[in-house]
Amino acid sequence: MWLLLIFIFTTAFIIFLWISQFFSLEKRRIRNRMKGLTALYHQAGHAEEVSEEKKEKPMPKVSFIQKLDDKLRNDLKLANLPIKNREFVLFQLLLLMTGFFLGWLLTQNLMRSFPFSFIFASFPILYVRLRKQKRKERLEGQLVEMIQMVSNSLKAGYSLIQSLEVLSQEMAPPLSDEVTRLIQEMKLGLPVEEALIQFSSRIGSKDLDMIITAMLIQRQVGGNLARILDSIAETIRERTRIQGEIKTLTAQGRMSGFIFMLLPPGIGVILYLVNPEYISILIKNPMGLFMLGIAFASQLVGAVLIRRIVKIEV
């Protein structure tokens, strides 16, 4: 029995690692955009030349566990959660065991307890992902105000660094916190260009990428940065307006997907309350469990298709 428990826990943890790797797709897209910004900075012709020894030296290989650890650390920072990686993983393992024993108490079957542990272990990942998305949306909502403030400061005769300092004092969190961290990194000796690139990578916003790109180009080749920022602000406003119109037009499709996901479980709960013996066949019979699995997978496929249909990139 204990061997079976160890096997189940190990399998659940492997599945958790796989899900974490699946969620790292967004981080890969951010990393690719940062590579583009770095390449743009170096192509300007004023970056520090890399020695031949550094060019010939191969990059050290990073293990799979180290990648997962770095990915988790980055997600916790983006979600603004003041906990360490080990604490998060320990909490997730506790939820996994809690879900397994709760499933054992409800079903009195080891194999049927495994889905409970999987569901409980998924809660922290979903919570971090939700917090990260909400914080990113709040940051993106402050970008237009940030551009306007920096542009006005530049027109008043301030330098870019002084404009950022004013921004950190006048803006509201969470953007002010990130700008304050940017200024502290520059005061500690990090080059301005590298600090701006890391600032953009922490937030992972396409709009901020445009702003940082404009700042990097202006620092290398010169130009009227205030006028460029005004143009970017107008572009962001127009795109926000178009996104609002698209969101209104696709509201019916999103509501259909929401109802599509909730209707079968809701009907199942109602049938269980009305006639428990009738619906319990699906749980007690192996064929019923197989049918439930097929139905759940079909719902997931339908939800993904509906999401792709109503999600339009602007």
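Me: Helices are DSSP runs of H or I with at least four residues, numbered from the N terminus. With that in mind, between which helices is the loop that holds P174?

Reply: The model is a predicted one, and in it P174 is joined to P173 by a cis peptide bond whose omega is about 5°. The place of P174 is in the loop that runs between α8, residues 160–170, and α9.

Me: How many helices and how many strands are there in the chain?

Reply: The chain has 314 residues, of which 33% count as buried, and it exposes about 20500 Å², with carbon and sulfur atoms supplying 65% of that area. Among its contacts between residues at least 6 apart in sequence, 65% join residues that are at least 24 apart. As for its elements, the count is 16 helices and, for strands, zero.

Me: Which element of the chain has the lowest mean pLDDT, and which has the highest?

Reply: Over the chain the pLDDT averages 77, and 79% of the residues score at least 70. The mean is lowest, at 44, for helix α3, which covers residues 52–56, and highest, at 89, for residues 143–155. The two names asked for are therefore, with the lowest given before the highest, α3 and α7.

Me: Over which residues is the pLDDT below 50, and over which does it stay under 50?

Reply: Where pLDDT is low, the predicted coordinates should not be read in detail. One such stretch, with a pLDDT below 50, is residues 1–7, for which the model has five contacts beyond near neighbours in sequence. Another, with five contacts beyond four places in sequence and a pLDDT that stays under 50, is residues 44–57.

Me: Is S153 buried or exposed?

Reply: S153 is found in helix α7, and, leaving aside neighbours within four places in sequence, S153 is in contact with Y158, S163 and V166. Its relative accessible area is 9%, and the cut-off for this class is under 20%. S153 therefore counts as buried.

Me: At what angle do α7 and α8 pack?

Reply: On the α7 side the residues that meet α8 are M146, M149, V150, S153 and L154, and on the α8 side they are L160, S163, V166, L167 and E170. The crossing in which α7 passes α8 is right-handed. The two axes are 9 Å apart, and the helices pack at an angle of about 135°, which makes α7 oblique to α8; the angle asked for is about 135°.

Me: Is the crossing of α9 and α10 right-handed or left-handed?

Reply: Helix α9 spans residues 175–187 and helix α10 spans residues 192–203, and their axes come within 9 Å and cross at roughly 150°. That angle makes α9 roughly antiparallel to α10. Where the two meet, α9 offers L175, E178, V179, R181, L182, E185 and M186, while α10 offers V192, A195, L196, Q198, F199, R202 and I203. The crossing of α9 and α10 is right-handed.

Me: At roughly what angle do the axes of α10 and α11 cross?

Reply: V192, E193, L196, I197, F199, S200 and I203 in α10 meet L208, D209, I212, M215, L216, R219 and Q220 in α11. The axes of α10 and helix α11, which covers residues 206–221, come within 10 Å and cross at roughly 175°. This makes α10 roughly antiparallel to α11, the crossing angle being roughly 175°.

Me: How far apart in space are L106 and F116, C-alpha to C-alpha?

Reply: L106 lies in helix α5, residues 85–107, and is exposed, with a relative accessible area of 58%. In sequence L106 and F116 are 10 residues apart, and in space their C-alpha to C-alpha separation is 10.0 Å.

Me: What separates the C-alpha atoms of M111 and F100?

Reply: M111 is found in helix α6, residues 110–141, and counts as exposed because its relative accessible area is 53%, where the class asks for over 50%. Along the chain M111 and F100 are 11 residues apart, and the separation of their C-alpha atoms is 9.6 Å.

Terms used
Residues are numbered from 1 along each chain as its sequence is written. This is a predicted model: local features need pLDDT of at least 70, side-chain atom pairs count only at pLDDT 80 or more; totals for chains, interfaces and linings use all residues. Side-chain values use heavy atoms; hydrogens and water are left out. pLDDT is the predictor's confidence in each residue, from 0 to 100. Contact means heavy atoms within 4.5 Å. Buried means under 20% relative accessible area, exposed over 50%, partly exposed in between (1.4 Å probe, protein chains only). Accessible areas come from the Shrake-Rupley method with a 1.4 Å probe; for residues, only the protein chains shown count as cover. Axes are lines fitted to C-alpha atoms, for helices over the stretch in contact, and angles run from 0 to 180 degrees between N-to-C directions. Angles under 35 degrees count as roughly parallel, over 145 as roughly antiparallel, 65 to 115 as roughly perpendicular and the rest as oblique. A crossing is left-handed if the near helix is turned anticlockwise from the far one by less than a right angle, and right-handed if clockwise.
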